[in-house]
Amino acid sequence: MACLLEAPLRISVLSEVTASSRHYVDRLFDPDPQKVLLGVIDMKNAVIGNNKQKANLIVLGAVPRLLYLLQQDSSGAELRTECAVVLGSLAMGTENNDLKFIEACLRCLRTVFISTVTPVQLLYTDAAVIPHLMSLLSRSRRTQEYICQIFSHCCKTPDHQMILYNHGAIQNIAHLLISFSYKVQMQALKCFSVLAYENPQVSMTLVNVLVDGELLSQVFVRMMQRDKPIEMQLTAAKCLTYMCRAGAIRTDDNCIVLKTLPCLVRMCSKERLLEERVDGAETLAYLIEPDVELQRIASITDHLIAMLADYFKYPSSVSAITDIKRLDHDLKHAHELRQAAFKLYASLGANDEDIRKKIIETENMMDRIVSGLSESSIKVRLAAVRCLHSLSRSVQQLRTSFQDHAVWKPLMKLLQNAPEEVLVMASSTLCNLLLEFSPSKEPILESGAIDLLCSLTQSESPALRVNGIWALMNMAFQAEQKIKMDILRALSTEQLFRLLSDPDVNHIDQIMSSHGKQIMQAVTLILEGEHNIEVKEQTLCILANIADGTTAKDLIMINDDILQKIKYYMVHTEQSATNQGPVIGAQAQGFKTGFFPLITGTLSFPSLLYVKCSQERQDRLREMGFVDILHKLTQSADPSLCDR
């Protein structure tokens, strides 16, 4: 009988204790700051020496609220001080309470850092934070979940990757992939995906990691099996994709061709959620972007090209949707779906003519691209122009579909005003539309493209300058004399020389790779011809400037005529300066200012070849007598010439 009476009594006492503890926590949310302060003080008095009360308050969620109040400037110094005292007291309970306290703090920290308004750099401002979090990983499943989630959300840059990598993230997190907790597995998997992204060092390390005797890549493959949750399949596919793009896994490896690629194609199907379809398509686009064989395999897997056409059908007809939530969901993801589809089409059609033909023959494809070029979303516009650029590599399509849909019009409009990233891709596409066999070339010319392209050559962006030059070269190729003169007039001789003196060596090499032979022939003819000294001086300046590029350097070194002319003018210049009268001497000084950029400064010729080039080039220049000539020039009475 006594036992029967005791049970209700215990429940009653427990309820009173819980209610009392709940009262303390509820007071922390009072809108009156003064009442909150008094509540924290009462809580402080209640927990002193009372481990049971501490445990109750931790379970009821006092810690996150106290931490929140502690971080608010509006709390005032006294309230923040009292919050800190209570938190310290809660942490000094039993060992079990201590772990709960740590978990509560980490949960709060996790909530703070996954917020879009929190600057992730805060995690790295104190060098002790990352190693401390690493040391807490082994405490419990909750600490593992929260810390991995913090890491994955706060790893945004190569510097962040290397900080985590150097503090043992791979070794500390790898074994969590086989945790009994799905949440821990997923957060660990997400950590590896952000660590491996565009990071060869991390990716090469991951390839050799063993997890319970199994290679990490095989663990990822198992996680992509169809019986695993979609979130796990997709994240594991991202890990292998990033490792492959970073060069740690070959593109023809079975784990890529037979596992990762098919998994990502599955993510694009109608059965998947819209978010999953976006993620799957963008990851697949990134995987196949540089590899033609992967592009061909993807194009014939599960009717992918046709499957992507469905991405443009959201949102569905408003009249057909009675579920407002579904309509909001479709509207929210419509831009992301179109962007993802354009990106994947761009990667698929990057190299193969047959694939491009299939893409363009997909229902209303060109109309969709043209519409995409004028969408409000910058991301969709960029993806659409990337897709257009990929398809513009087809001679057949330039002559047919591109002409039928007058794609040059929205493209030219896009070039009038767009962010730099869009401008670079749009101008690259325009270069293809200006090729000789493109029917779009003439209407583009008539629309005033010359001035637009000349303005691109003055851009601060090297990529835009190069694209402007390529477009002008394509425009001038086999064009009427009037068009060539219009280009020269709009560009100006000064700007042409500036471009040949461009600090971007790749820029110079791109010009020389395409037109180097013609430029070298023109330089030789001018130096050999009966031209006045100013013309030859400027020609030597051009030669000096283009000598900074690798391709141009090679073109100079294999051209005996050019080398002999350089040798001749080095000697000729010195003789003119010492033996001729004042007029010729003044002209010779012109040769010095024109030629000696070849052998001095950043655009040097002999010094560049002696100091920076191969032994073979050095030997060739010695054999031709350049060393002897340079020694003679050091004896010149002209101090500036001697220094050079």
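**Helix pairs and confidence: worked exercises**

The axes of helix α25 (residues 408–416) and helix α26 (residues 420–433) approach within 9 Å and cross at roughly 140°. This is a predicted model, in which local features need pLDDT of at least 70 and side-chain atom pairs count only at pLDDT 80 or more, while totals for chains, interfaces and linings use all residues. Residues are numbered from 1 along each chain as its sequence is written, and side-chain values use heavy atoms, leaving out hydrogens and water.

**Exercise 1.** Work out how α25 lies against α26 and which residues meet.

*Solution.* Start with the angle: it makes α25 oblique to α26 (under 35 degrees counts as roughly parallel, over 145 as roughly antiparallel, 65 to 115 as roughly perpendicular and the rest as oblique). Next, the hand: α25 passes α26 in a left-handed crossing. Then find the contacts (heavy atoms within 4.5 Å): α25 brings W408, L411, M412, L414 and L415, and α26 brings V422, L423, A426, S427, T429, L430 and L433. Sorted by class, these are ten nonpolar, two polar and no charged residues (Ala, Val, Leu, Ile, Met, Phe, Trp, Tyr, Cys and Pro count as nonpolar, Asp, Glu, Lys and Arg as charged, and the others, Gly among them, as polar).

**Exercise 2.** Now do the same for α8 and α11.

*Solution.* The axes of α8 (residues 141–154) and α11 (residues 182–196) come within 8 Å, crossing at roughly 25°. That makes α8 roughly parallel to α11. This crossing is left-handed. On the α8 side you will find R141, Q144, E145, C148, Q149, F151 and S152; on the α11 side, K183, V184, Q187, A188, K190, C191 and V194. The class count is six nonpolar, four polar and four charged residues.

**Exercise 3.** Locate the aromatic pair Y197 and Y286 and say what it ties together.

*Solution.* The whole structure has five aromatic pairs (ring centres within 6.5 Å; planes under 30 degrees apart are stacked, over 60 edge-to-face and the rest tilted). Y197 and Y286 form a tilted pair, 5.7 Å centre to centre with 40° between the planes. Y197 lies in the loop between α11 and α12 (200–207) and Y286 in helix α16 (residues 274–288), so the pair ties together parts that are 89 residues apart in sequence.

**Exercise 4.** Check the confidence along the chain.

*Solution.* The chain averages a pLDDT (the predictor's confidence in each residue, from 0 to 100) of 81, and 80% of the residues score at least 70. Over residues 1–17 pLDDT stays under 50, and the model has one contact there beyond four places in sequence.

How values were computed. Axes fitted to C-alpha atoms, helices over the stretch in contact; angles between N-to-C directions. Helix = DSSP H or I, 4+ residues; strand = E, 2+ residues; numbered from the N terminus. Left-handed = near helix turned anticlockwise from the far one by under 90°. Phe/Tyr/Trp six-rings, centres within 6.5 Å; stacked < 30°, edge-to-face > 60°.
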